[in-house]
Amino acid sequence: MSELAHDPFHHLHDEAYARPFESPTLGCAGVVAMAGRRGESLAGPWNFTLDLFDEGLRQHWYRDPPEPPTAWIRPRDYDALAGQTTPVPSCWTMQQPQWRHFEGAAWYTRLIDGGAGGADGAGGRTVLRVGAANYQARVFLNGRFLGTHRGGSTPFFVDLTDHLHPGAGNRLQIQVDNRREPQRVPMHHFDWFNHGGLYREVELLRLPAVYFRRAELQLVPDGSFSRLRASLELSAPVDGVAVVELPALGLRQDVQVCQGRGTLVFEARPELWSPEHPCLHDVHFTFGPDRVSDRIGFREIRVESLRILLNGRPVYLRGICVHEDDLELGKCSTEEDVRRRFAHARELGCNFLRLAHYPHHEHVARIADELGFLLWEEIPVYWAIRFDDPGTLADARNQLQELIARDANRASVILWGVGNENADTEARYAFMRELVRAAREADPTRLVSAACLINRQAFRIEDRLAQHLDVIGLNEYFGWYEPGFEGLRTLLANSSPDRPVLISETGADALAGHHGREDELFTEECQARMYRGQIAIADTADYICGMTPWLLYDFRSERRQTVFNRGFNRKGLIAEDKATRKLAFEVLARAYRARRAREAGEATSAP
Ligand code: GCB
C-alpha cells in the first residue's frame, strides 16, 4: 500500500475492530503439565496503559515498534515502553486509588529474551504461561496477535517459539480486559469485587520439542486401594515409552504412548492420604528429555447412598467458604495469606474448604495437600449467566477443563463445583448437564456438585440437575434472608434426597464490633444466633454430609452499600483485616469440636 492509500482515519469508523481478536482462542488444548516445572519468572514492573475506549485494538497499538519519538513518522496515541509501570502479578484495581473501579482494557508490555530464538535447530519450544488474567487476555508478540483467553481465574499457555527473535528485545504485550458482560462467566452481576489485571504469576517455560501436557497419577477408585492409574498426554502425536517412577514404593513403570497418549493401570499399595495423615509421594514422569516431578497424595473419594466415603470411611465435611480477596492485594494471594487462611480454618475445626466462586490460586490446593484439608473447587457459573449461548458454554467448559488439568494431582480436591444458584430452566439444565459430563470425562476420580436452589412451590430440595450430581449443594439463608428457622425445618423434613446434601452456604452479615440485641440485624449477636439456629437444625437430617457456612472473611462487594457494609459483604466470621473475630466464629468452632468429639466417641464405641 502506498503511503497515500493509507487512511489514518479508518479506525474511527470501524465498529468491527475487535472481531479479528476473538480467535484463535487459547484454552485447555494448550495446557502444559506443570508438576514441579520451573519457568523463568516475568514478575516485576511491566509498562502499563489503561485503555477504556479500546483504542489499542482499533488502532493496532501492538504494531508500532517502540522507537524514540524522534523516529516517529506519524503521531501516536500510545507508546508501549513509555509512561508508568505496574507490578506483575498484581491487580491494577489495588495499585492506584483512581484505578480502583476501572473496568475495561489495559495494555501490559515487557521485553523478553528469545533465547536462541525459534530456529535453534534443537526444536525446543518457548511457552508463555499466565497464571491468571481477569477476564479476557489477548497476547501479542513482536507485533503479532497470537491468541485470546477467556476466563479470569485459570492458567493459560501460548507457544511463542515461532515468533521469537534470538536474544533480548522481544516485545511481549498482553491486553487484559476486565469488563463485566452478560455473556461472560461470571456475567456482569455477581457478589464480589471485579478486580483487573495479570494478577497471578507469568513465566516463560523452555521446553523440549515434545513435552508433557498431562502427567497424572491417581488411585483407581474401586475400593481396593491397590491400583494406580497413570494418564499421560504429550504435546505431539508421537509414539514411544514414558516412564513413571514412585521411588518410595520402589516402582518404575513403562507406559506405552501411542499418538501422544498413554494410560496404564498398575498394582501398588501406597500409604493413603487423608486430613489426619496427609502423606505425599514423590512421583517422576519422563518422556525423552522431558521430566517432571510432582508430590502426590493417594486417596479414594466416593459416594455410597447418603454418605461421602473417604478411603472407604464416612466423612462429615466440617467446612467454611472462602473468597480470594485481600484488603491490600485484592485477588492476588500470597502463600502467607493462604497459610493464615488454613490456620483459621484449623482453629474452627474444619477439615474442608469451599473455594468460592472461581478457581483460587494453585498454591491453595498444594498447601491443602500438605496440611491435610479437603477442598471444593468451582468455576464461576454464577446466577443468571447466558445458558442459551453456546459461546458462554464453551467458555465455562474450558474454565472447568483448565481447572481440572491444573489440579488433577491434588489429593485435597474432592469436589468440582459446576454452578452456583442457577434457576432451574431448560437452557440451564442442558448447559449444566454438559458441564457435569465434561467434568466426569476429564476426571472420573472425583465428585461433582453444584450449589442448587430449592423448589419453592413444593418447598423441597429439588432440582433436575441433582440426579446428575454426586453431592447436592444447598445454599440457604434461613434466619437471615428468610426470617426464622421454621422454613429450614420444613424444607429438610419435606425432602428425601437419594444422595448426600452439603449445606454449601448459610450465614448472616455482622459488622465486627457492632453489638446489640440478638434480633438486631448486622450485630455480632444476631449473626451468632443465626449460626446456633442453623447448626441445631441442620444436624437433624441424616442426608446432610457437611456444611460450608458463608464465610471465613468479610470481602469487598460493591453491591453492598448500607452503613454496615460500605462496599463489603459482612458475612465473614472474621473481618476483612483477617484478624478481628466475630462472636459467631466461636459458635461454629464449638459446634465442630462437639461433632468431632461425637465422631471420636462413636469410633471408639464401635464394635
Ligand atoms: C449467596 C451467594 C454468595 C453471596 C451470598 C450472600 O447465595 O452464593 O455469592 O455472597 O449469597 O452474601 O448473599
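Q: Helices (H or I, at least four residues) and strands (E, at least two) are DSSP runs, numbered from the N terminus. Between which strand and which helix is histidine 357 found?
A: This is a predicted model, in which residues are numbered from 1 along each chain as its sequence is written, and in which local features need pLDDT of at least 70 and side-chain atom pairs count only at pLDDT 80 or more, while totals for chains, interfaces and linings use all residues. Side-chain values use heavy atoms, with hydrogens and water left out. Within this model, histidine 357 belongs to a loop, and the elements on either side of that loop are strand S24 (352-355) and helix H3 (362-371).

Q: Is the peptide bond from alanine 356 to histidine 357 cis or trans, and what is omega near?
A: The bond that links alanine 356 to histidine 357 is cis. Its omega value is near -15 degrees.

Q: Which residue does a cis peptide bond join to asparagine 134?
A: Omega of this bond is about 10 degrees. The partner of asparagine 134 lies in the loop between strand S6 (133-134) and strand S7 (136-141). This partner is tyrosine 135.

Q: Which residues lie nearest the centre of the largest cavity?
A: A cavity is a set of points on a 1 Å grid over the protein atoms alone where a 1.4 Å probe fits but cannot get out, and its lining residues have an atom within 4 Å of a point. The largest cavity has a lining of 21 residues. Both residues of the cis bond just described, Asn134 and Tyr135, appear among those nearest the centre. The full set is Asn134, Tyr135, Pro186, Phe190 and Asn194.

Q: Which strand gives the most to the lining of the second largest cavity?
A: The second largest cavity is lined by 16 residues. Gln218, Leu219, Gly297, Arg299 and Arg446 lie nearest its centre. The strand that gives the most contributes three residues, spans residues 212-219, and is S13.

Q: How many bridges join S13 to S14?
A: Two strands pair if DSSP finds at least two bridges between them. S13 and S14 run antiparallel, and arginine 214 has glutamate 233 in S14 as its bridge partner. The number of bridges that join these two strands is seven.

Q: With which strand does S14 pair in the antiparallel sense over seven bridges, besides S13?
A: Strand S14 covers residues 227-234 and is mostly covered, with six of its eight residues buried (under 20% relative accessible area, with a 1.4 Å probe and protein chains only). One of its residues, serine 231, stands opposite threonine 263. The strand in question spans residues 261-267 and is S17.

Q: Which residue in the turn between S20 and S21 has a positive phi?
A: S20 (residues 301-304) and S21 (residues 307-310) pair in the antiparallel sense over four bridges. Glutamate 304 has arginine 307 as its bridge partner, and valine 303 stands opposite isoleucine 308. The two strands form a hairpin with two residues between them. Phi is about 55 degrees in the turn residue serine 305.

Q: Which strands stand at the edges of the open sheet S20-S21-S22?
A: The three strands follow the order S20-S21-S22, and their pairing is antiparallel. Each edge strand has a single partner strand, so one side of each is left without a neighbour in the sheet. The edge strands are S20 and S22 (313-314).

Q: Is aspartate 463 buried or exposed?
A: Aspartate 463 lies in the loop between strand S27 (447-452) and strand S28 (471-475). Leaving aside neighbours within four places in sequence, aspartate 463 is in contact (heavy atoms within 4.5 Å) with Asp424, Arg428, Cys452 and Leu453. Because its relative accessible area is 10%, aspartate 463 is buried.

Q: By what distance are the C-alpha atoms of aspartate 463 and cysteine 452 separated?
A: These two residues are eleven residues apart along the chain. Cysteine 452 is also one of the contacts of aspartate 463. Their C-alpha atoms are separated by 6.9 Å.

Q: What is the relative accessibility at which aspartate 54 counts as buried?
A: Aspartate 54 is placed in the loop between strand S2 (44-51) and helix H1 (55-59). Although aspartate 54 is not a glycine, its phi is positive, at about 60 degrees. Aspartate 54 counts as buried because its relative accessibility is 7%.

Q: What value is phi of asparagine 142 near?
A: Asparagine 142 is located in the loop between S7 and strand S8 (144-150). Its phi is positive in a residue other than glycine. The value is near 45 degrees.

Key. On a 1 Å grid over the protein atoms alone, a cavity is a set of points where a 1.4 Å probe fits but cannot get out, and a pocket is an open set with protein on both sides within 12 Å along at least five of seven lines; lining residues have an atom within 4 Å of a point. Buried means under 20% relative accessible area, exposed over 50%, partly exposed in between (1.4 Å probe, protein chains only).
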